[in-house]
Amino acid sequence: MTVTPHLHAIGTATPPYDIHATFVDWALPRLAEREARLFERMATRAGIAHRWSVLPAPVADGGFYAPAPHPGTGERMAVYAREAPALALAAIEALAAQTSLDGITHLVVASCTGFIAPGLDQIVARRLGLDTRVERVAIGFMGCYAAITALRTARHIVRSEPDARVLVVTVELSTLHLQEDRALEPLLAMLQFGDGAAAALVCAEPAGLALDRPFSATLPVSDTLIRWDITDRGFAMHLSGEVPGRIGAALRDPALVAAITGSRPVDTWAIHAGGRSILDAVEQALALAPDALDASRAVLRDSGNMSSATLMFVLARILSGPPVDHGVALAFGPGLAAEGLSFASAR
């Protein structure tokens, strides 16, 4: 008998400090006049109203990035070690308010914005008081599509162990990696990112969303378009302006579209809210209805791109919406890779 894993519920959390407007004010004087005008127009059109940070007023006087040079990677990782577990636990608390977390057998944690050892998986397990025999998986440095990797891992666990109850956690502190750039493209990349965490329960009991067929694809000749470089001053994100066009072109390939959709009509799309231009590219390439990506655009508006946590926020909105007959979750990240899985409302 085939076991169908189900995503029961998702809890989400963001830090208390809204840094979007202050970042725009900080970035503008760093650019030449013509580029500053372009940056301002693109910031207005970005579809982002808020981005949240664990850092209070990070670019203001007295803020984390006020000293010159900016803090080193060690100082940033010290903040990560303190704040990432706390934000993850806030998301788990939000999940526990929706569904019982008794009897957790497996813990899957994804994050690409920090490194600590013992890892987040061990810290979270200890603070939750989980049984020491709970099996743990840590997914690191995979970027925005790591939510798919985490859910796919949970799906495989439940399919092989029908009694498993898997706690999935994604947590990202992207604002720990602001760079001293004065060029338009990297500042536009930094304009997208905020901090956030999400937690989900996956098990065989029918409820929420049934997780079905996963798929993976790496777009050819695209490995330099999205990168994280570890530097002495944090992790430097390289997000090429070519990414939306490359994604749009790839999604016009009938073979890739068939792999994504399973050659079936899709009524619900959960697309990683990597940026307005990425969502526009997906919508246009797949000829979607104007409201097809409303959940993704709402997450982008309210929280920006939170790397691996973002797609979980989108799925949380879908869980609270109308029933789904055939949904597709899709995220893009370094490589340039596309990762996804299909889902439907529990029956």
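Mentor: One term before we start: a residue is called buried when its relative accessible area is under 20%, exposed when it is over 50%, and partly exposed in between. Also, the model in front of you is predicted.

Trainee: Fine. Which residues of helix 10 are buried, then?

Mentor: In helix 10 they are Ala 295, Ser 296, Ala 298, Val 299, Leu 300 and Ser 303.

Trainee: And what covers them?

Mentor: The cover includes strand 3 (52-53), strand 11, helix 9 and helix 11 (309-319).

Trainee: What comes after helix 10?

Mentor: Gly 304 follows helix 10, and its phi is positive, near 75 degrees.

Trainee: Let's step back. How many helices and strands does the protein have?

Mentor: There are eleven helices and 13 strands. The radius of gyration is 19 Å, and the globule rule gives 20 Å for 347 residues, so the protein is as compact as a globular protein of that length.

Trainee: What does the C-alpha trace span along its principal axes?

Mentor: About 65 × 45 × 35 Å.

Trainee: How much of the protein is buried?

Mentor: Of the 347 residues, 57% are buried. The protein exposes about 14,300 Å², with 54% of that supplied by carbon and sulfur atoms.

Trainee: And the contacts, how many join residues at least 24 apart?

Mentor: Counting contacts between residues at least 6 apart in sequence, 79% join residues at least 24 apart.

Trainee: How many charged side chains, positive and negative?

Mentor: The protein has 28 positive and 35 negative side chains. The centres of those two sets lie 2 Å apart.

Trainee: Where are the domains?

Mentor: Domain 1 covers 6-203 and domain 2 covers 209-345. Between them, the contact takes 59 residues from domain 1 and 49 residues from domain 2. Their centres, taken over C-alpha atoms, are separated by 17 Å.

Trainee: Back to helix 9, since it helps cover helix 10. Why is helix 9 called largely enclosed?

Mentor: Helix 9 runs over residues 276-285, and seven of its ten residues are buried, so the rest of the structure largely encloses it. The buried ones are Ile 278, Leu 279, Asp 280, Ala 281, Val 282, Glu 283 and Ala 285.

Trainee: What does the covering there?

Mentor: Helix 7 (243-250), strand 11 (268-271), helix 10 (294-303) and strand 12 (327-333) are among the cover for the buried residues of helix 9. Just after helix 9 comes Ala 287, with a positive phi of about 55 degrees.

Trainee: Why point that out?

Mentor: Because most residues other than glycine have a negative phi.

Trainee: Which loop holds Phe 141?

Mentor: Phe 141 is in the loop between strand 5 (135-140) and helix 5 (146-160). Its phi is also positive, near 60 degrees.

Trainee: Is Phe 141 buried, exposed or partly exposed?

Mentor: Phe 141 has a relative accessible area of 27%, so it is partly exposed. Ser 263 has a positive phi too, about 55 degrees. Ser 263 sits in the loop between helix 8 (254-261) and strand 11. At 61% relative accessibility, Ser 263 counts as exposed.

Trainee: New topic. Where are the cis peptide bonds you would have me look at?

Mentor: One runs from Ala 117 to Pro 118, with omega near 0 degrees. Pro 118 is in the loop between strand 4 (106-111) and helix 4 (120-128). Another cis bond joins Gly 335 and Leu 336, with omega about -10 degrees. Leu 336 lies in the loop between strand 12 and strand 13 (337-345).

Trainee: Last thing, helix 11. What does Ala 316 touch?

Mentor: Ala 316 lies in helix 11. Leaving aside residues up to four places away in sequence, Ala 316 touches Ile 10 and Thr 12.

Trainee: Buried or exposed?

Mentor: Buried, since its relative accessible area is 19% and the cut-off is under 20%. For contrast, take Ala 78 in helix 3 (residues 73-96). Ala 78 has a relative accessible area of 45% and is partly exposed.

Trainee: How far apart are the C-alpha atoms of Ala 78 and Glu 93?

Mentor: They are separated by 24 Å, with the two residues 15 apart along the chain. The C-alpha atoms of Ala 316 and Asp 291 are separated by 17 Å, and those residues are 25 apart along the chain.

Note on methods: Residues are numbered from 1 along each chain as its sequence is written. This is a predicted model: local features need pLDDT of at least 70, side-chain atom pairs count only at pLDDT 80 or more; totals for chains, interfaces and linings use all residues. Side-chain values use heavy atoms; hydrogens and water are left out. Helices (H or I, at least four residues) and strands (E, at least two) are DSSP runs, numbered from the N terminus. The radius of gyration is taken over C-alpha atoms; the globule rule is 2.2 Å times the number of residues to the power 0.38. Buried means under 20% relative accessible area, exposed over 50%, partly exposed in between (1.4 Å probe, protein chains only). Contact means heavy atoms within 4.5 Å. Accessible areas come from the Shrake-Rupley method with a 1.4 Å probe; for residues, only the protein chains shown count as cover. Lys and Arg count as positive and Asp and Glu as negative; His and the chain ends are not counted. The place of a charge is taken as NZ of Lys, CZ of Arg, CG of Asp or CD of Glu. Domain bounds come from an automatic or database domain assignment.
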